[in-house]
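Q: I am new to this structure and would like to learn how to read it. Could you take me through it one feature at a time?

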Amino acid sequence: VQLQASGGGLVQPGGSLRLSCATSGSIFSINAMGWYRQAPGNQRELVASITSGGSTNYADSVKGRFTISRDNAKNTVYLQMNSLKPEDTAVYYCNVKAQPSIYRATSDYWGQGTLVTVSS
C-alpha cells in the first residue's frame with residue numbers, strides 16, 4: 001500500500017489549501033482515512049479522520065475551518081483547509097488503515113508528508 005500526498009504550500013493567513021492523498025498498490029479494503037500534522041518541536045497530532053461510512057472527527061483547533069472527505073472509488077482522501085492560521089503551519093501526513101489482502105491484517109500506512117506554511 002502506497003500513499004501519495006500533495007497540495008501543500010505557502011499561503012497567507014486567512015487563505016485556503018486543499019490536500020489530497022491517493023492510495024495505490026495491493027488493497028483489499030480501506031477502513032478509516034485521516035490527516036495528521038507535526039509542527040517543529042511538537043508531537044504528531046490528529047487533524048481529522050473519516051470512516052468508511054463517512055463519519056468524521058476533527059481536532060478542536062480545526063473544527064469549522066477544515067473539512068475531510070474521501071472518494072472511495074479513487075481510494076483518495078482530501079482535506080479542505082479554510083481560514084488558515086499561522087499555527088496551522090506543519091507537515092501534514094495522510095494515514096489510512098488498510099487491509100492489503102484478505103490474508104493480511106489491517107495496518108496503518110502513512111504518506112510522505114506535505115508542508116503547509118501559513119505566513120504573511
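A: Gladly, and burial is a good place to start: a residue is called buried when its relative accessible area is under 20%, exposed when it is over 50%, and partly exposed in between, using a 1.4 Å probe and protein chains only. With that in hand, take one pair: Arg37 is buried, and Asp88 is buried too. Before going on, please note that this is a predicted model, in which local features need pLDDT of at least 70 and side-chain atom pairs count only at pLDDT 80 or more, while totals for chains, interfaces and linings use all residues. Residues are numbered from 1 along each chain as its sequence is written, and side-chain values use heavy atoms, with hydrogens and water left out.

Q: What joins the side chains of Arg37 and Asp88?

A: A salt bridge is a side-chain nitrogen of Lys or Arg within 4 Å of a carboxyl oxygen of Asp or Glu. Arg37 and Asp88 form one, at 3.0 Å from N to O. Arg37 belongs to strand S4, while Asp88 is in the loop between strand S8 (76–81) and S9, so the pair ties together parts that are 51 residues apart in sequence. Strand names such as these come from DSSP runs numbered from the N terminus: E runs of at least two residues are strands, and H or I runs of at least four are helices.

Q: Which residue forms a salt bridge with Asp88 at 2.7 Å?

A: That is Arg65, with its closest N and O atoms 2.7 Å from those of Asp88. This pair also links distant parts of the chain, 23 residues apart: Arg65 is in the loop between S6 and S7, and Asp88 is in the loop between S8 and S9. Both residues are buried. Through shared partners, salt bridges join Arg37, Glu45, Arg65 and Asp88 into one network.

Q: How many salt bridges are there by this rule?

A: The count is five. Another of them pairs Lys63 with Asp60, where the closest N and O atoms are 3.1 Å apart. Here Lys63 is partly exposed, with a relative accessible area of 49%, and Asp60 is exposed, at 63%.

Q: How do I read the pairing of strands?

A: Strands of a sheet pair through backbone hydrogen bonds, either parallel or antiparallel. The rule here is that two strands pair if DSSP finds at least two bridges between them. Strand S9 makes a good example: eight bridges join S4 (residues 29–38) to S9, and the two run antiparallel. Within this pairing, Arg37 has Tyr92 as its bridge partner. S9 also runs antiparallel to strand S10 (residues 107–110), with four bridges, and Asn95 stands opposite Trp110 there. Three bridges join S9 to strand S11 (residues 114–118), again antiparallel, and Val91 is partnered by Leu115.

Q: Is strand S9 enclosed or open to its surroundings?

A: Eight of the 10 residues of S9 (residues 90–99) are buried, so the strand is largely enclosed by the rest of the structure.

Q: Which strands form an open sheet?

A: Four strands do, in the order S1-S3-S8-S7, with antiparallel pairing. Strand S1 (2–6) and S7 stand at the edges with a single partner strand each, so one side of each has no neighbour in the sheet. Neighbouring strands of this sheet are turned by 15° against each other on average, direction ignored; such angles are taken between N-to-C directions, from 0 to 180 degrees, using axes that are lines fitted to C-alpha atoms, for helices over the stretch in contact. S1 and strand S3 (residues 17–24) pair over five bridges, and Gln4 stands opposite Ala22.

Q: What is a nonpolar core, and what does this one contain?

A: In soluble globular proteins, nonpolar side chains tend to be buried together. A nonpolar core is a set of buried Ala, Val, Leu, Ile, Met, Phe, Trp, Tyr and Cys residues joined through side-chain atoms within 4.5 Å. The largest one here has 30 residues, and Trp35, Val47 and Tyr92 are among those with the most contacts inside it. S9 gives the largest share, five residues. Contact means heavy atoms within 4.5 Å, and Val47 touches residues including Trp35, Phe66, Leu79 and Tyr92.

Note on methods. Lists of a residue's contacts leave out its neighbours within four places in sequence.
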